[in-house]
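Thanks for coming, everyone. Please look at the screen, and I will walk you through one model.

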Amino acid sequence: MAELQEVQITEEKPLLPGQTPEAAKEAELAARILLDQGQQTLSVETPYGSVTFTVYGTPKPKRPAILTYHDVGLNYKTCFQPLFQFGDMQEIIQNFVRVHVDAPGMEEGAPVFPLGYQYPSLDQLADMIPCILQYLNFSTIIGVGVGAGAYVLSRYALNHPDTVEGLVLINIDPNAKGWMDWAAHKLTGLTSSLSEMILGHLFSQEELSRNSELVQKYRDIVTHAPNLDNIELYWNSYNNRRDLNIERGSDVTLKCPVMLVVGDQAPHEDAVVECNSKLDPTQTSFLKMADSGGQPQLTQPGKLTEAFKYFLQGMGYMASSCMTRLSRSRTASLTSAASIDGNRSRSRTLSQSSESGTLSSGPPGHTMEVSC
């Protein structure tokens, strides 16, 4: 009898344009080695140009990666570092590998694009994400996006619903600009600088008038950004976005659990409220955060971390996580409807008593409000 030989069969994956099987295998092996070393900043070629992303930690078996996408005028550090460096967030990041995506030309030290460069649309930015996941050999994600990044992740989730287990969308505006908005934007552009327009997108007018230390810091970041020309291209892509056309009960909707987040008196409050009305209430939580302004991930990382933990628990992860911060709030309520996805319970019906600090079941709904 002929000696049997052991043959290893690997899953076939679509290759990037112009990529040979040997190159794909080498790239995947390199990515796995880099991931095992902890934090690494990587780049991958896509049909719409190169995209840079930073990976923290190592993949956890049977767990999705947390993938973030930042807003206009920021990069992954200036948008998310205060949140992910927050003390209570460490319990989460120990349980999930993180992938922080920088939009093209937004990463630190990025060269300015040449004159006439055609920047990708937000839809094309969403189409870059599969190349990142293929490179890292990740099958599913939990997306966390702010502003333009929230739109990009929503578009990706609509196109690839099977790869998205959940979305945290901060300041999402799913609508294209109407004629009135377009005219107002053009008029503002004649009287305001690019940095002023972006700051008006990031912060409320009340925050800008108070000119707090945080606003001063981010005004300096945007105004003196060495890649301001690149930022303008990303800004233009955001303002030329298409309508997501999501509708409750239609085929065009987000199929995964979604947590919508907005600060009170934030520039995007009305848009987030409208988005909430278009999504499935059994899968959607709406978090309106008091005293957080336009960037709740910067001003209220503690409250957002606690809400994120509840969100993950509702998806069946981190069941033993200790909740403390919201239970100490004087006013806090968490309500959402319960649903079940396969064998994993996605029960998300929660209410919280600020007096007793206990957690109990509540009536179905889709609103989460937190204030201190």
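**A charge over a ring**

R98 sits over the face of Y56, 4.4 Å from the ring centre. A charge counts as over a ring if NZ of Lys or CZ of Arg is within 6 Å of the ring centre and within 35 degrees of the ring normal. R241 lies over the face of Y238 as well, at 4.2 Å from the ring centre.

Now the ground rules. This is a predicted model, where local features need pLDDT of at least 70 and side-chain atom pairs count only at pLDDT 80 or more, while totals for chains, interfaces and linings use all residues. Residues are numbered from 1 along each chain as its sequence is written, and side-chain values use heavy atoms, with hydrogens and water left out.

**The whole chain**

The protein chain has 13 helices and 14 strands. Helices (H or I, at least four residues) and strands (E, at least two) are DSSP runs, numbered from the N terminus. How much of the chain is buried? Of its 372 residues, 51% count as buried. Buried means under 20% relative accessible area, exposed means over 50%, and partly exposed is in between (1.4 Å probe, protein chains only).

Next, contacts, which means heavy atoms within 4.5 Å. Take the contacts in the protein chain with a separation of 6 or more. Residues 24 or more positions apart account for 73% of them.

**Strands around β4**

Let's return to R98. R98 points one way from strand β4, along with H100 and D102. V99 and V101 point the other way. β4 covers residues 98-102, and 5 of its 5 residues are buried.

What does β4 pair with? Two strands pair if DSSP finds at least two bridges between them. β2 and β4 pair in the antiparallel sense over 5 bridges. There, T54 has H100 as its bridge partner. β3 and β4 run parallel, joined by 4 bridges. Here L67 has V99 as its bridge partner.

β2 also pairs with strand β1, residues 40-46. That pairing is antiparallel, over 7 bridges. L42 stands opposite F53 in β2. A hairpin of 2 residues joins β1 to β2.

**Aromatic pairs**

How many aromatic pairs are there? The count comes to 10. Rings of Phe, Tyr and Trp (its six-membered ring) pair if their centres lie within 6.5 Å; planes under 30 degrees apart are stacked, over 60 edge-to-face, and the rest tilted.

Take Y56 and Y76. Their ring centres are 6.4 Å apart and their planes are at 65 degrees, so the pair is edge-to-face. Y56 lies in strand β2 (residues 49-56) and Y76 in helix α2 (residues 76-84), so the pair ties together parts that are 20 residues apart in sequence. Both Y56 and Y76 are buried.

A second pair is Y117 with Y119. This one is edge-to-face too, with 6.4 Å centre to centre and 75 degrees between the planes. Are these two buried or exposed? Y117 is partly exposed, at 28% relative accessibility. Y119 is buried, with a relative accessible area of 5%. F113, Y117, Y119 and Y234 form one aromatic cluster.

**Helix α2**

Y76 has a relative accessible area of 8%. Beyond its neighbours within four places in sequence, Y76 is in contact with several residues, including Q39, Y56, H100 and D102. The C-alpha atoms of Y76 and M106 are separated by 8.6 Å, and these residues are 30 apart along the chain.

F80 lies in α2 too. At 1% relative accessibility, F80 is buried. What does F80 touch, leaving aside neighbours within four places in sequence? The contacts are T68, Y69, H70, V144, G145 and V146. F80 and P301 are 221 residues apart in sequence, yet 9.5 Å apart in space, C-alpha to C-alpha.

**Helix α5**

Last stop. Helix α5 (residues 148-159) has 12 residues. From first C-alpha to last, α5 reaches 17 Å, close to the 16 Å expected. The expected span is 1.5 Å times one less than the number of residues.

α5 is mostly covered, with 10 of its 12 residues buried. Among them are Y151, L153 and R155. What do the buried residues of α5 pack against? They pack against β3 (65-69), α4 (122-136), β5 (141-146), β6 (164-170) and α10 (228-239).
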